[in-house]
Each structure stands twice: as structure tokens, then as C-alpha cells.
Amino acid sequence: MNIKVAAISTLIAFPLLNVSAQAEDDREALPVTAAQKTQMLGEMRGFLEAVQDIVLAMAENDMPSVIEAAKSMGMGRNRGTGQGVGRYMPMEFRQMGRGTHVAFDELAQAAEFGPEGVLEELGVLMSNCNGCHATYRLVLRP
């Protein structure tokens with residue numbers, strides 16, 4: 001690549017990057033303590049790990065592993081008891097969180113009948129994740 005073209009491209013692109021970096025984050029702020037943030041981020045990493053396990057199991061057509069991974073993040077394991085971090089969050093956030101756990105259960109149920117429908121359920125699940133991340137952001141309480 002011509003050095004002049006590279007330099008001009010950099011000069012054009014740099015201000016654009018700076019503008020997007022300065023863009024205001026208009027998602028709803030959820031004030032949390034450091035411990036709550038750690039717990040919530042851990043739960044989200046659990047979601048991602050389960051999704052990864054589901055995708056890898058689907059690649060092997062291993063429905064028992066798909067079911068196990070999905071159930072690991074479903075409504076079982078004392079979820080929805082009102083004892084978790086969600087009790088400090090707005091109702092809309094709580095509904096999205098519950099919906100995510102329910103979506104994992106629905107994916108597990110679909111997998112019991114075979115691979116058909118599992119990817120569709122995974123798409124619904126991921127839409128819920130994306131919707132939540134597009135709506136909310138965690139901010140530490142002072």
C-alpha cells in the first residue's frame with residue numbers, strides 16, 4: 001500500500017474513531033455495588049459458556065450435552081426465588097433476566113426432540129441477551 005494512501009486513510013479514520021469513542025452511552029444505568037457487578041458479570045459469563053457448550057455439542061450432534069448445557073443456566077438451581085441480585089434491579093431488567101433463564105429451559109426442551117428447532121431457540125435466547133445489553137449498562141455506586 002502506498003504510504004501516502006495509508007497516511008491519508010489514517011487521518012480520515014482517526015477523527016471518526018474519536019467521535020464514536022466520545023458518543024454518549026444512552027443505555028439505562030443500573031447502579032450496583034462492586035460485589036453485585038462481579039456476581040452479574042459472572043452470571044453473564046455463565047450464559048456465554050453455556051452457549052459455547054451448546055454450539056460445540058450441536059456440531060457433534062450431541063443432544064444430551066446440549067440439554068445439560070442449556071439446563072445449567074435454566075430456571076433450576078434456585079433461580080427466580082427473589083434472593084439474587086435481581087431483587088435490586090428494575091422490574092423490566094428482572095423480566096429480561098428471567099426470560100433468559102426460561103429461554104435456556106426452552107432450548108433444552110427443544111433439544112429433547114432432536115436438533116431441529118435448537119438453533120431457532122438459540123437465536124431467541126441470543127436476541128434476549130442482545131436486547132438486555134442494548135438497554136442496560138452497569139455503573140458502580142459511589
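A search of the whole structure finds 3 salt bridges, and they make good stops on a tour of this predicted model. Side chains of opposite charge can pair when their charged atoms come close.

**Stop one: a linked trio**

Select D25, R27 and R137, which are joined in a network of salt bridges. Begin with R27 and D25: their closest N and O atoms are 2.6 Å apart. Then follow D25 to its other partner, R137, where the closest N and O atoms are 3.9 Å apart. D25 sits in the loop between α1 (3-22) and β1 (28-32), while R137 belongs to strand β2 (residues 136-140), so this pair ties together parts that are 112 residues apart in sequence.

Now switch on the surface. Are these residues buried, partly exposed or exposed? R27 is partly exposed, at 26% relative accessibility. D25 also counts as partly exposed, at 30%, and R137 is partly exposed with 27%.

**Stop two: a bridge from helix α3**

Next, select K71 and E112, which form a salt bridge with their closest N and O atoms 3.8 Å apart. Which parts of the chain does this pair tie together? K71 lies in helix α3 and E112 in the loop between α4 and α5, so the bridge connects parts 41 residues apart in sequence. Both ends are partly exposed: K71 has a relative accessibility of 44%, and E112 has a relative accessible area of 48%.

**Stop three: the whole protein**

Zoom out and colour by secondary structure. You should find 5 helices and 2 strands. Walking along the sequence, you will meet them in the pattern α-β-α-α-α-α-β.

With the full view still on screen, consider how the chain meets itself. Among contacts between residues at least 6 apart in sequence, 76% join residues at least 24 apart. The accessible surface comes to about 9400 Å², and carbon and sulfur atoms account for 58% of that surface. How much of the protein is buried? Of its 142 residues, 27% are buried.

**Stop four: the largest nonpolar core**

Time to go inside. The largest nonpolar core holds 20 residues, and the members touching the most others are I54, V66, F104, L107, V118 and L125. Select those six to get your bearings. Then show the elements that give two or more residues to this core: α2 (34-59), α3 (63-72), α4 (91-111) and α5 (118-135). Which of these helices gives the largest share? That is α2, with 6 residues.

For a close-up, centre the view on L125. Leaving aside residues up to four places away in sequence, L125 touches V51, T100, A103, F104 and L107. Apart from this core lies another one, of 8 residues. To find it, select V32, M40, V85 and C132, which are among its members.

**Stop five: a histidine inside**

Finish in helix α4, where you will find H101. Is H101 buried or exposed? Its relative accessible area is 10%, and because buried means under 20%, H101 counts as buried. Now add E43 to the selection: the side chains of H101 and E43 make a polar contact at 3.1 Å.

**Before you close the viewer**

Try showing two of the stops together. Keep D25, R27 and R137 on screen as the salt-bridge network, then bring back I54, V66, F104, L107, V118 and L125 from the largest nonpolar core.

Methods:
Residues numbered from 1 in each chain as written. Predicted model: local features only at pLDDT ≥ 70, side-chain atom pairs only at ≥ 80, totals over all residues. Heavy atoms only, no water. Core = buried A, V, L, I, M, F, W, Y, C linked by side-chain atoms within 4.5 Å. Buried < 20%, exposed > 50% of the residue type's maximum accessible area, 1.4 Å probe, protein only. Helix = DSSP H or I, 4+ residues; strand = E, 2+ residues; numbered from the N terminus. Contact = heavy atoms within 4.5 Å. Areas by Shrake-Rupley, 256 points an atom, 1.4 Å probe, with all protein chains shown as cover. Salt bridge = Lys/Arg side-chain N within 4 Å of Asp/Glu carboxyl O. Polar contact = N/O pair within 3.5 Å; in protein donor to acceptor, adjacent residues only side chain to side chain.
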